[in-house]
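New to this one? Here is a short, friendly tour of its pockets and one of its helices.

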Amino acid sequence: MKYAFPDNFWWGSASSALQTEGAREGETTWDYWFAREPNRFHNGVGPQQTSTFYQHWKTDIQLLKQLNHNSFRTSISWARLIPDGIGEVNPDAVDFYNQVIDELNEQGITPFMTLFHFDMPMAMQEIGGWENRDVVEAYARYALLCFELFGDRVLHWFTFNEPIVPVEGGYLYDFHYPNVVDFRRAATVAYHTVLAHAKAVQAYRAGHYAGEIGIVLNLTPSYPRSQNPADLKAAHVTDLMFNRSFLDPVLRGEYPADLVALLKSYDQLPACKPEDGFLIAEGKIDLLGINYYQPRRVKCRDSAVNPQAPFMPEWFFDSYEMPGRKMNPYRGWEIYEPGIYDILVNLRDNYGNPRCFISENGMGVENEQRFIENGQINDRYRIEFISEHLAWLHKGISEGCNCLGYHMWTFIDNWSWCNAYKNRYGFIQLDLETQKRTIKKSGEWFAATALNNSFEKE
């Protein structure tokens, strides 16, 4: 069967500043954490050892061209542009991002730019990070600066990438710095992130820039074990906390009433100011980026909550392992392709069918050198993964969902937070010793698909 996509469909990939560029003048929370606890990082590999995009941007953009990308998402590093978060602008960073943006445009690759991809300047974290409203103001200033510097040539902006992840990692589950476990502080971080997003959107609108502004959310559909009311309720609360806590403010301009009521009943609401509601209402976006990797399967709790334990989302659900599920064993994630369709249908039916695109989807695999044939990684599993997801994406589009593109994570194997280089995700293999880049089979497949705006599948 042939799957053809709409004209001007965005074919590309996504990356981030911190995971690709390498060392910078301004210290981030990742640099700080790695210097103190390198044992928390796979093989002790930290954020200085990336895919050296800062040095190789020009040849890397040539490779993007070779893979027939018509679009590419990366991020600007706040700590590179303004090393202390609030002070002087680093002219070298301005030169670098200007060169990258100009080269992408010259090669016919539309730049999609994210303002914040998990890389808080350490100077900002030292005054409380997203717990401090002063940091919200500093971020708004940084965003406006980016619009003024680059907004004439970047027409697709995203305020945040996966804003729920620093909340989960830094303030609930101990996989990002500052390694806090405290729901109320997590809720404050999430709330202030929404305020920061809204301030950036407000500034963008006020500046009458030529493009559009959105946000990138990792949406994980919450599937209940059964239709039993207790399981349905568990799935509903999970959806409120992990999806709708960001989805509703950015698309509807307000929080779900039942989420607010739930947190209030447990005394977990963040401190709000009367004018916040007006600001959040102004944060409605033009374009939604959707990162989809895996579903979330839940059931009602089987045991009572320990009243002495810290308040956590898991007070309301247990994870559920669906029998017969398909797994990516390297990442420990379920592979469930229809999830991408379910996300789009939910947006169409419940959120007014917003303009959106798949901003990340990908498969991390360990020790891919096993699959080298004639000097090239034959990653058939990745081609199957992408084509299965694209088939469900195509179904959503054919049923009226307003999805405008598909970006794969990622372009070149890159550094991945605490996992460093454990799992590889790229269309292009990276030799860490020599920094040599070699296109994988999936890269060739994607280049042909993008060129033809279609692919064939049995």
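## The largest pocket

In this predicted model, the largest pocket has 41 residues lining it. Nearest its centre you'll find Glu168, Phe175, Gln294, Arg331 and Trp333. Helix H8 (164-171), strand S9 (296-299) and strand S12 (333-334) are the elements that each give two or more residues to this lining. H8 provides the largest share, with 3 residues.

As for volume, the largest pocket comes to about 1100 Å³. Its lining is a mix: 18 nonpolar, 13 polar and 10 charged residues.

## The second largest pocket

Next up is a pocket of about 440 Å³, the second largest. It has 26 lining residues, and Ala187, Tyr255, Leu259, Leu263 and Pro270 sit nearest its centre.

Helices do plenty of the lining here: H8, H9 (183-206), H10 (229-252), H11 (257-265) and H12 (276-281) each chip in at least two residues. The largest share is from H9, which supplies 6 residues. Sorted by class, the lining of the second largest pocket holds 21 nonpolar, 2 polar and 3 charged residues.

## Helix H2

Now over to helix H2, which covers residues 29-36. Which residues of H2 are buried? They are Thr29, Trp30, Asp31, Trp33 and Phe34. These buried residues pack against helix H1 (17-20) and helix H6 (122-125).

H2 also has a cap at its N-terminal end, namely threonine 28. One of that threonine's side-chain oxygens lies 3.2 Å from the backbone nitrogen of tryptophan 30.

Conventions: Residues are numbered from 1 along each chain as its sequence is written. This is a predicted model: local features need pLDDT of at least 70, side-chain atom pairs count only at pLDDT 80 or more; totals for chains, interfaces and linings use all residues. Side-chain values use heavy atoms; hydrogens and water are left out. Buried means under 20% relative accessible area, exposed over 50%, partly exposed in between (1.4 Å probe, protein chains only). Helices (H or I, at least four residues) and strands (E, at least two) are DSSP runs, numbered from the N terminus. Contact means heavy atoms within 4.5 Å. A polar contact is a pair of N or O atoms within 3.5 Å; within protein, one must be able to donate a hydrogen and the other to accept it, and residues adjacent in sequence count only if both atoms are side-chain atoms. On a 1 Å grid over the protein atoms alone, a cavity is a set of points where a 1.4 Å probe fits but cannot get out, and a pocket is an open set with protein on both sides within 12 Å along at least five of seven lines; lining residues have an atom within 4 Å of a point. Grid points are joined across faces, edges and corners, and a volume is the space filled by probe spheres set on the points. Ala, Val, Leu, Ile, Met, Phe, Trp, Tyr, Cys and Pro count as nonpolar, Asp, Glu, Lys and Arg as charged, and the others, Gly among them, as polar.
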